[in-house]
Amino acid sequence: MRFHYAESMTAITNYVPLAQAAEAHGYAGFTIPDSLIYPKASDTSYSYTEDGGREFLENKPFIESFILATAIGTATKTLEMTTNVVKLPVRPPLYSAKLAASIAALTNNRFNLGVGLSVWPEDYEAMGVSFAKRGKRFDECIEIVRGLCAGGYFEFHGEFYDLSPVKLNPVPTKPLPILIGGYSDAAFKRAAHNDGFMYAGGDGGTDDLANVVAKIAQYRGEAGTLDKPFRIFATAMGAIDADVVKRHADLGVTDMPVAFRNLYAVEEDTQPLQQKLDDMARFADEVIAKI
């Protein structure tokens, strides 16, 4: 099991010292949150809160994901950065590829691109992208990013994008890992064709996660990708002990981002940096060091 520190919607000055401390305490990585805008009005429900509310996002600071990953990557030496998750289809795929390739090259392949569909139609509208057929658009974006980050000339001719042969420089020296976030059969199938899945857990429960992992395994079998390396990220929040970790590991979870507070709280994060550091150190001593 690899452990990643998961902090988001906190004071922007917290990120680099937290990342450096995570590296020092033996965490494998740091997950990077993503949010573009907060619409003044929206009828859309949020998938990962019990009541579908989005109020926890208002007035919360979000550094652009690629910029935060760069800041953390250049301030550390071994820590992985994994976006959780970049809303890929609302962004120009060639530019996303350029950003991802640059970060991966700059950090010696320590960048994992977690991507997903935005649930907010307002994100698409604000970025001048159609909300219709967003799944198909997403697939084309993934193919373009993967192709460009592989090095050499790449061209693409699809329904939404038409790209003459071009290449990027620099590119990572290893294939860029692309992990899929979401909560639908389409997301599970998409993950089966890529390098991993990012499950947005939160309470340490495993019943739902077990069903998700089983579905992904089924789709990987159908896609013929069971023999390829595959990572499953499952976030846990709150009280996380060795038993919680073991239950996740038994299901096939390879990576556990951990958060020691409720990231979905509506209130502003006022937890002192020292308390965050203490929680991180305690988990490292009580759990990571013993596994």
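Start by selecting N262 and Y264: a polar atom of the N262 side chain lies 3.0 Å from the backbone nitrogen of Y264. Keep in mind throughout that this is a predicted model.

**Stop 1: the loop around N262**

Widen the selection to the loop that holds N262, which runs between β12 (255–259) and α9 (273–286). Colour by accessibility and N262 comes out as partly exposed, because its relative accessibility is 44%. For a sense of scale, add K133 and draw a C-alpha to C-alpha distance from N262: the two are 33 Å apart in space and 129 residues apart in sequence.

**Stop 2: K276 in α9**

Go on to helix α9 and select K276. Is K276 buried or exposed? With a relative accessibility of 1%, K276 counts as buried, since the cut-off for that class is under 20%. Now show what surrounds this lysine. Setting aside neighbours within four places in sequence, K276 is in contact with Y5, E7, T10, N14 and L18, and also with R261, D269 and Q271.

**Stop 3: helix α8**

Select residues 242–251, which form helix α8, and pick out V244, V245 and H248, the buried residues there. Look down the axis of α8: these buried residues fall within an arc of 100°, so they line one face of the helix. Turn to the face directed away from that buried side and find the exposed residues D243, K246 and D250.

Which elements cover the buried residues of α8? Display β1 (2–6), α7 (207–223), β10 (231–234) and β12, which are among those that do.

Then check the two ends of the helix. At the N-terminal end, D241 acts as a cap on α8, with a side-chain oxygen 3.1 Å from the backbone nitrogen of D243. After α8 comes G252, which has a positive phi, near 105°.

**Stop 4: the α2 and α3 pair**

Finally, select helix α2 (residues 65–75) together with helix α3 (residues 93–106); their axes come within 10 Å and cross at roughly 5°. That angle is under 35 degrees, so α2 counts as roughly parallel to α3. Show side chains where the two helices meet: F66, A69, T70 and T74 on α2, against S96, L99, A100, I103 and L106 on α3. Coloured by class, the contact of α2 with α3 has six nonpolar residues, three polar ones and no charged ones.

Technical notes: Residues are numbered from 1 along each chain as its sequence is written. This is a predicted model: local features need pLDDT of at least 70, side-chain atom pairs count only at pLDDT 80 or more; totals for chains, interfaces and linings use all residues. Side-chain values use heavy atoms; hydrogens and water are left out. Helices (H or I, at least four residues) and strands (E, at least two) are DSSP runs, numbered from the N terminus. Buried means under 20% relative accessible area, exposed over 50%, partly exposed in between (1.4 Å probe, protein chains only). A polar contact is a pair of N or O atoms within 3.5 Å; within protein, one must be able to donate a hydrogen and the other to accept it, and residues adjacent in sequence count only if both atoms are side-chain atoms. Axes are lines fitted to C-alpha atoms, for helices over the stretch in contact, and angles run from 0 to 180 degrees between N-to-C directions. Angles under 35 degrees count as roughly parallel, over 145 as roughly antiparallel, 65 to 115 as roughly perpendicular and the rest as oblique. Contact means heavy atoms within 4.5 Å. Ala, Val, Leu, Ile, Met, Phe, Trp, Tyr, Cys and Pro count as nonpolar, Asp, Glu, Lys and Arg as charged, and the others, Gly among them, as polar. The arc is that of the directions from the helix axis to the C-beta atoms.
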